[in-house]
Each structure stands twice: as structure tokens, then as C-alpha cells.
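Thanks for coming. I will go through one model this morning, residue by residue in places and by element in others. Please have the picture open.

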Amino acid sequence: MTLNNSTGDVTGRIIPDRMRSSFARVLRSWETILIVVAILIFVTNSFLSPYFLNAWNLSDATFNFTEKALIAFAMAMLIIAGEIDLSVASIIALASTAMGLAMTAGAGVPVIVLTGIVTGLVCGVVNGALVAGLGLPSIVVTIGTMSLFRGLAFIILGDQAFNGYPKDLAFFGQGYVWWVISFELVLFAICAVIYWALLHRTTFGRAVYAIGNNATAAQFSGIRVDRVRFLLFLLTGLMSGIAAVCLTSRLGSTRPSIATGWELEIVTMVVLGGVSILGGSGSIPGVVLAAVIMGLVTFGFGLLNVPGIVMSIFLGLLLITVIALPRLLQRK
Amino acid sequence: MGILKKALATAAVATALMVNAAAAENVKIAIVVKALGIGFFEAAAKGAEEAAAELGDVEIIYTGPTDTTAEGQIEVVNSLIAQGVNAIAISANDKDALVPTLQKAMERGITVISWDSGVAPEGRQMHLNPSSNALIGNTIIKLAADNMPDGGEVAILSASATATNQNIWIEEAKKVLPNYPGITLVDVVYGDDLADKSYREAQGLIAKYPNLKAIIAPTTVGILAASQAVADAGLIGKVNVTGLGLPSEMAGAVESGATVSFAIWNPIDLGYAATMISYNLIKGNATAAPDAEISMGRMGSVKLDAMNEGAMSDPFTYDASNIADFKSIF
């Protein structure tokens, strides 16, 4: 995943993905704010509900965010590069439908899983080709493919549903690796590490920041901008395919309306995680924290039987607060 | 680290204490609906509260997602499992997708039933239908017959010719027709659940059968269009429109007299019955098995079929005496 820089000597030209750190800066960083918010929510929840501090309950709560977070990692890189993919939830629908078709054709679990992942990749290729190949704006392209992919799922399924997936498929969305640690949680952790390394420790990751800050300058510094963009769309497609496998397994069935509205929740997760919607900055640890925060809030409010609409209002306020806070601190 | 451990231990003890205290108190029954903010379900919650008040030791948790998605309902059910509710009574957004989560709930000792909109058999202990095809078929004929003491001609205005539900109801209605002497069914026409086509079909019936006494429309679109056609033709009091309709839409027709009475399930009764059944299953007063009869308080009892499904009652009749109360509900 490294990108060869054809200009040869690049010393001094690398754009740092974070500034030299001082203690005060660390204190004021987005991640610190998020950690404080997460701890506050955790403690508040523990006091408000007697059911919160229970290993199984907390484990159940992780299912609220793991699948969305898988896509959020790839989405974070895409948004840092100044692009966006609004078709991710529709890719889930199409990939899940493809899994259903594979199941109907009599395929076994490995083939069903592969079908889901490959369908995700293919959708990513379509998005990538339209954006990077034809140079179309990603927001327009993916609004289009958002309707296209889900539309295909609707044509195939209509008001029907695929069910009767093989029992072994349930592991991906309902299985536990060890005690309360679910497969999805492990996958979430592994992907977090992979994406952290990819974004913060490779030249590819630096290229992503460079493109997001100034694509033209990046192009002139020898970064193959369109190739990076294409690969990023491939990654969101791939992650949507993987999320489709998990979600289909968790639901044990496929309907064309599966994962409706997830694209906005995923973008919210990314922005809450400190990724600038204008591109150029953000981090994977921030996204991880945002995912955990959203999961804790949803679950905590659920335990108190707070109506969902109040939850949406709270998440909206949280988003605005967390975004406004650093700016307010800077003004001081 | 020491402080953290201590805090956690204290919290754990507190948790244990609170859980025990709660268990000694009330039976917690969760009414999970397709989405919050829908009049039909708010009315069902009212019925559930009524049942809770009657039973005394029941706490109702009325909840549901913001929009009608299966994923949203799964999050809600997960939080109910975590709270250790005694029963979950759900009107499902997806018959299949909720099965794994509801199975988990049952594994943890929670009574799970579905009502209104069902869950596949493996994901619930029983399903409560608001009514049955036979009861609906009988009710629509009875509503017409009640206002025709001397008998006469009736016609049916249905949805489309291929509409499964309507066709079954019409079949059932034809079966009970011999029980209503003097009533003759002269025609069945189809308005395709389109307001304008239903209106024209109703006009056609009025023109074709001058002695027509009643139009029966077992569809909410058809009944509304037919009552409009009758009113426009100035035949109020001569031709009665009845069938299945929504109180909010039919209030005007009942007021004008074009429709004397019509029927649809009563959400209040449905919420009440679901709560009563859940309570009886929790308390072990009944088990959900084929042929079992489970008491529903003032609604009588429900008899389960081979698929553990049961019908609550005849559709509820709405007329001038109660339409004002229900028109704001759904």
C-alpha cells in the first residue's frame, strides 16, 4: 500500500500528519476532548441505569456501532482526501442481496461471504471509476449510485426477503470469539489498527492528507492523485461489503431496505471523530472514539427508554458542541 | 487503579441490589412498536396502560425506533434485554430480521410475543392477529345487514381483483351470506384502491342497481370514495356505505350519514390484549402452544392455531357514538 514517489528524494517535502506536540496541545486536541466526553457519558450512564455496568449488556451495546464503524474508517480517509461516498448504505443493500442470490443458488458459507465482499468491491470500482476516472464530483456520483445500488436490490427482491441463510453464517454477526468479545468487536479492533497504520504510518496515508489539503499541489509533487482517489473508493466499497456480511449475518435475512439511512450516521461518526468535512485533517483514533461515544449514547438512552428522537437531538447537540469547542478554545 | 477497582466493585454491588429490588416489585412488559409518534400505536399503548392498571403489578415500557426500520427495533430490543424486562410484545418492522435478536431475548428468559405485524414463528412464542379472515368477512356483511331490516340488494366495491386480503375476505363474506336471509349480493367491482376509479365504480353501481341498499367496501380507499359518491348523488339515507375504514378519514362520512357504521381493528383493544397475554404467559397461567386458550381479560380469550397464532376479536365497529373519540387517534 505504499505509493512510490517518482521525484526520488522526498526529505523535507513530506507533509506531517500532525504537528509537533506540546503538552498543552495534546490537552486541547480533539481526541482528548472525545476521551473526556466518552468518560463522562460512561460515568453518567453507570449512575443513571443499574443495568449499564454489565459485561453482557456492554457487549450487546457494541453491536450498535461496530458495522458502521468499519465503514467509517474508510470513509474517514476518503473525507480527509476531500471526497465523500454517500452510497455506502446502498452498497450494503446490494451486497446483502447478492449474498442472498448466492445462498439461493446453493453456495456455501465461504462463497456467500466472498460474494458480499466482492460485490462491495465492485461497487467501489464503479464509484472510483466515475470519480477518479471521469473526474466527476464525488458527492454527485455517489448520490446517483446511492439510488442505483439500492434500486437494483429493490428490483431483485421487490417486497420479498431472503432468509434461511446457513447456520454457520451467523458467526460473523452473532458469534463470540471469547466470552463477551464478539467477532464484530474483534474485527472492529483489527480494522482500527490496520487503518491507523495505513493513514498515519504509510506514504499512502500522507498522500491522502496531501490531496485533501491541496490536490493540485499534491499532483505536482508527484502523487498520483487519481490513483489514490480510486483506491479510497475501493476501500469504502470493500468495507461496505464486509459490513454487509456482518449485518446480514446479524439479521439472518436480507431485505432491500436494509441499513437505510446509515450513510448519514457514518458521516456523522467521522465528523464527530474530528475529521474535517473540508478534507485535510483528522485521525483514526478520533473516529474510534466517536464510534464508541455514539454506541454508548444510543445504548445508555435505550436503557432509560428515552425515545429515539431525543437521542437524535442529543447526538446533534453533541456534534455541534464537539465541533464548536476547539474553535471557542482557540479564540481565548 | 485501586480507586477505579473500588468504584467498579461498589457500582457492581449497587447494581445487584437495585436489580433485586426491581425484581420484587413489578412485572415489566415492553410494548415495542414500528415507530414512535404513530397514532395507531399511541392508542395501543393506551390500551396497554389500561391493562396494567387492571392488573396492578405491571409496569409498561412503551418504546420503538424513530423510523420504521428493523435495525432500529433491534437496538431497542437489545436495550430491553439488558434491562431484564419480563416480556417483549412487538409489532415488527421485519418478519425475519428480528428473529435472531428475539431468540436471544427468549434464551435469556424473556417472554416474546408479536402482535399486529408478526414475527416468523421461530422468533416468538405466539402471534396475536387483530382479527381473522372469517371474522372480517362476517363483520362486513353484518354491518350492512344491521341497517337493512327488510333485506335487499348489496354490492361490494373491492381493491384490485388480485388483492389477496380483500379476495379472502370477500370469499368469507360469501360463505356467511346464507345466514342473512333477504340479503342478496348483486355485484363485485374493483376500484384498484385508487380514489378516482373507486369513485367511478361506486357511481356505476348506483346507476346500474336502482334498488341498491348498501355498498360494502373492505378497503379504506374504497369506502371513502363510495361514501363520497353516495353523498354527491344525494342518496344519503337510501344507500348505506360500509366496510373497513379509518376513523380519521371516515369521520365526515359518518357525520353526513352516508356511512352509518364501519369497522376496523381497535388499537386500544389490541394493546390491552397483548399486555394481558404477556402477563399470563409470564405468570405461567398459560403456555403458548397449539390449541392453547389464553385469557385476554375483558377481551375474552384467544385460541392458538398450529402456528401459535390467534385472532383477538371481530373488527371493532365505529359509528356516530364513538367516531369523535377515535378520529384523532388513527
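Asp192(B) is partly exposed, because 17 other C-beta atoms lie within 10 Å, and a residue needs 20 or more to be called buried. Bear in mind that this is a predicted model. Asp192(B) sits in the loop between strand S7 (183-190) and helix H7 (195-208) of chain B. What is its phi near? About this residue, the value is near 55 degrees, so to speak on the positive side, in a residue other than glycine. Most residues other than glycine have a negative phi.

There is a second case of this kind in chain A. Ala259(A) is not a glycine either, and its phi is positive, about 60 degrees. Is Ala259(A) buried or exposed? It counts as buried, because 30 C-beta neighbours lie inside 10 Å. Ala259(A) belongs to the loop between strand S4 (253-254) and helix H13 (262-272) of chain A.

Staying with chain A, I would like to show one more loop residue. Tyr165(A) is in the loop between strand S1 (162-163) and helix H8 (171-174) of chain A. Tyr165(A) counts as buried, since it has 20 C-beta neighbours inside 10 Å, and 20 is where the buried class begins. Which residues does Tyr165(A) contact, leaving aside neighbours within four places in sequence? They are Met103(A) and Gly252(A). Gly124(A) is 41 residues from Tyr165(A) along the chain, and the two C-alpha atoms are separated by 25 Å.

Now a helix pair in chain A. Helix H6 (residues 109-133) and helix H12 (residues 225-251) of chain A have axes that come within 7 Å and cross at roughly 150 degrees. H6(A) is therefore roughly antiparallel to H12(A), as angles over 145 degrees are classed that way. The contact between H6(A) and H12(A) involves 15 nonpolar, 11 polar and 2 charged residues. As for handedness, H6(A) and H12(A) make a right-handed crossing.

Next, chain B as a whole. Its secondary structure amounts to 11 helices and 14 strands. The C-alpha trace of chain B spans about 90 × 35 × 35 Å along its principal axes. Of the 330 residues in chain B, 51% are buried. Taking the contacts in chain B with a separation of 6 or more, 70% are between residues 24 or more positions apart.

One sheet in chain B is worth going through. How many strands form it? There are 6 strands, in the order S2-S1-S3-S4-S5-S13, and they form an open sheet with parallel pairing. S2 and strand S13 (309-311) of chain B are at the edges; each has a single partner strand, so one side of each has no neighbour in the sheet. On average, neighbouring strands of this sheet are turned by 20 degrees against each other, direction ignored.

Within that sheet, strand S1 (residues 27-32) and strand S3 (residues 87-90) of chain B run parallel and are joined by 4 bridges. On S1(B), look at Ile29(B), which stands opposite Ala87(B) in S3(B). Helix H2 (residues 39-55) of chain B lies across S1 and S2 of chain B, and runs at about 170 degrees to S2(B).

A different part of chain B now. Ala231(B) is in helix H8 (residues 220-232) of chain B. Buried or partly exposed: which applies to Ala231(B)? Ala231(B) counts as partly exposed, because it has 18 C-beta neighbours inside 10 Å. Setting aside neighbours within four places in sequence, Ala231(B) is in contact with Ile236(B), Ser256(B) and Ala258(B). Ala253(B) is 22 residues from Ala231(B) along the chain, with 8.3 Å between their C-alpha atoms.

Last item, the interface. How many residues of chain B are in contact with chain A? The number is 28, and they touch 28 residues of chain A. On the chain B side, the elements giving two or more residues are helix H1 (2-25), strand S2 (58-63), helix H3 (70-83) and helix H4 (99-107). H3(B) gives the most, with 10 residues. By class, this side of the interface has 15 nonpolar, 9 polar and 4 charged residues. Strand S2 of chain B thus appears twice in this talk: at an edge of the parallel sheet, and among the elements that touch chain A.

That is everything I have. I will take questions now.

How values were computed
Residues numbered from 1 in each chain as written. Chains lettered and ligands numbered in written order. Predicted model: local features only at pLDDT ≥ 70, side-chain atom pairs only at ≥ 80, totals over all residues. Buried ≥ 20, exposed ≤ 12 C-beta atoms within 10 Å, placed from the backbone. Contact = placed C-beta atoms within 7 Å. Nonpolar A, V, L, I, M, F, W, Y, C, P; charged D, E, K, R; others polar. Pairing = 2+ DSSP bridges. Axes fitted to C-alpha atoms, helices over the stretch in contact; angles between N-to-C directions. Parallel < 35°, antiparallel > 145°, perpendicular 65-115°, else oblique. Left-handed = near helix turned anticlockwise from the far one by under 90°.
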